[in-house]
Protein chains: 2
Amino acid sequence: MARRGNLFILSAPSGAGKSSLISALLNDKPADMQVSVSHTTRAMRPGEENGVHYHFVDVDEFKALIEQGAFFEWAEVFGNYYGTSRITIEQTLDRGIDVFLDIDWQGARQVKAQIPDAIGVFILPPSRAELERRLRSRGQDSDEIIAGRMAEAQSEISHYGEFDYLLVNADFDTALSELRAIVCAERTRLARQVEAHGGMLDDLLAD
Amino acid sequence: MARRGNLFILSAPSGAGKSSLISALLNDKPADMQVSVSHTTRAMRPGEENGVHYHFVDVDEFKALIEQGAFFEWAEVFGNYYGTSRITIEQTLDRGIDVFLDIDWQGARQVKAQIPDAIGVFILPPSRAELERRLRSRGQDSDEIIAGRMAEAQSEISHYGEFDYLLVNADFDTALSELRAIVCAERTRLARQVEAHGGMLDDLLAD
């Protein structure tokens, strides 16, 4: 029997560098890691691919999936539906593939409630000054807008204690190697190794 | 405040390659990792160094340490005392140094009972045939002696389920990099990071 994949929940305030870390981790397209792909009813845009950027479905399909309880969470935004499919994730995990879920603390809490062995990783900027610098460097915004972003970031950060691991993204390469270490280490956890090597254990312990 | 060190318990049947893995891990003498050094009352041998190979103490000192409850475990072997000092380990952990404890499943159980956040890593040979080969290659021993070693190894292996991580030492470099990943990942666990970065978290969340 193959080991089951691990489900990683990655959360962070904006400005922590989460997207860059996930991109770098999956850069060389490892066969045993995938970002979770959401479902949406919005139209496909040029350059987008079904099953890669989103699972594109029509409204009837989406509503049927809601009825089936297929989603961890879903929302309607400007008339389009978006959702995270529990069934898709479970099927990917069953194939031995680690799944990375890029969601906020509220989504993280919902997923944890449904998949208790999901592994939560929270990513932090190294300081308030650096966070403010990163929030500022995104454009020529007013102090008021920056203050709003800072308040939003702080609200997200205040939930760090609900996660299993905490990464401090002071140096990008260090944070990336820590993230890789977490992914590797979690694969050697007792439960996963017993799934992967049950036959070997039987062999070692046979009379 | 500095992060506290992690206590790693490493156990394995003989023939799994545990000693080689520990040596390789600590080969370049990292400042933040140490093998736990036992106390003994036996005489120092040529080439041995106090505090490196053992803490050499006399019988009165050793008995005083027993009285103080300083040991996780101790034993008398051929008139000499040997013990693992809880106090020495705690002091090393307090200095932010990870400590590696090379003990069998019985010792592991005793330590876990006293330091519940100790992290247990069990190392396995990749197959029964390979284990037998490794047990054989140690000398020109009779089948009876090999069978005895195999039974002892199996008895140790039967306790794998009491550990947090399971390493399969099929390829040495892979097992070593997995062990390194576990050590790195455990440092990014929530509790350790809050110890290490409490000030930063206060700064990020300040009004």
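A salt bridge here is a side-chain nitrogen of Lys or Arg within 4 Å of a carboxyl oxygen of Asp or Glu. The model is predicted.

**Exercise 1.** How many salt bridges link chain A and chain B? Check the pair B:Glu186 and A:Arg189 against the cut-off.

*Solution.* Start with the count: 2 salt bridges between chain A and chain B. Now take the pair. The closest N and O atoms of B:Glu186 and A:Arg189 are 3.6 Å apart. The cut-off is 4 Å. The pair forms a salt bridge. Polar contacts are counted separately: 16 residue pairs across the interface, both at pLDDT 80 or more.

**Exercise 2.** Which helix of chain A gives the largest share of the side that touches chain B? Describe that side by class.

*Solution.* List the contributors. α5, α6, β9, α7 and α8 of chain A each supply at least two residues. α8(A) has the largest share, 9 residues. By class, this side of chain A holds 22 nonpolar, 7 polar and 7 charged residues.

**Exercise 3.** What is the area buried between chain A and chain B? Which three residues of chain A supply the most?

*Solution.* The buried area is about 3200 Å². Carbon and sulfur atoms give 66% of it. On the chain A side, A:Arg128, A:Leu190 and A:Leu204 supply 20% of what that chain buries, more than any other three residues.

**Exercise 4.** What relation links chain A to chain B?

*Solution.* Superpose chain A on chain B: a turn of 180°, a shift of 0.0 Å along the axis, an RMSD of 0.0 Å. That is the relation of a two-fold axis. A:Ala181 comes closest to the axis among residues of chain A, its C-alpha at 2.2 Å. Next, compare the interface residues. Of those in chain A, 100% are also interface residues in chain B, so the copies meet through the same surface.

Technical notes
Residues are numbered from 1 along each chain as its sequence is written. Chains are lettered from A and ligands numbered from 1 in the order in which they are written. This is a predicted model: local features need pLDDT of at least 70, side-chain atom pairs count only at pLDDT 80 or more; totals for chains, interfaces and linings use all residues. Side-chain values use heavy atoms; hydrogens and water are left out. Buried area is the accessible area (1.4 Å probe) that two parts lose on being put together, summed over both. A polar contact is a pair of N or O atoms within 3.5 Å; within protein, one must be able to donate a hydrogen and the other to accept it, and residues adjacent in sequence count only if both atoms are side-chain atoms. Helices (H or I, at least four residues) and strands (E, at least two) are DSSP runs, numbered from the N terminus. Ala, Val, Leu, Ile, Met, Phe, Trp, Tyr, Cys and Pro count as nonpolar, Asp, Glu, Lys and Arg as charged, and the others, Gly among them, as polar. Copies are superposed by least squares on the C-alpha atoms of residues with pLDDT of at least 70 in both. Contact means heavy atoms within 4.5 Å.
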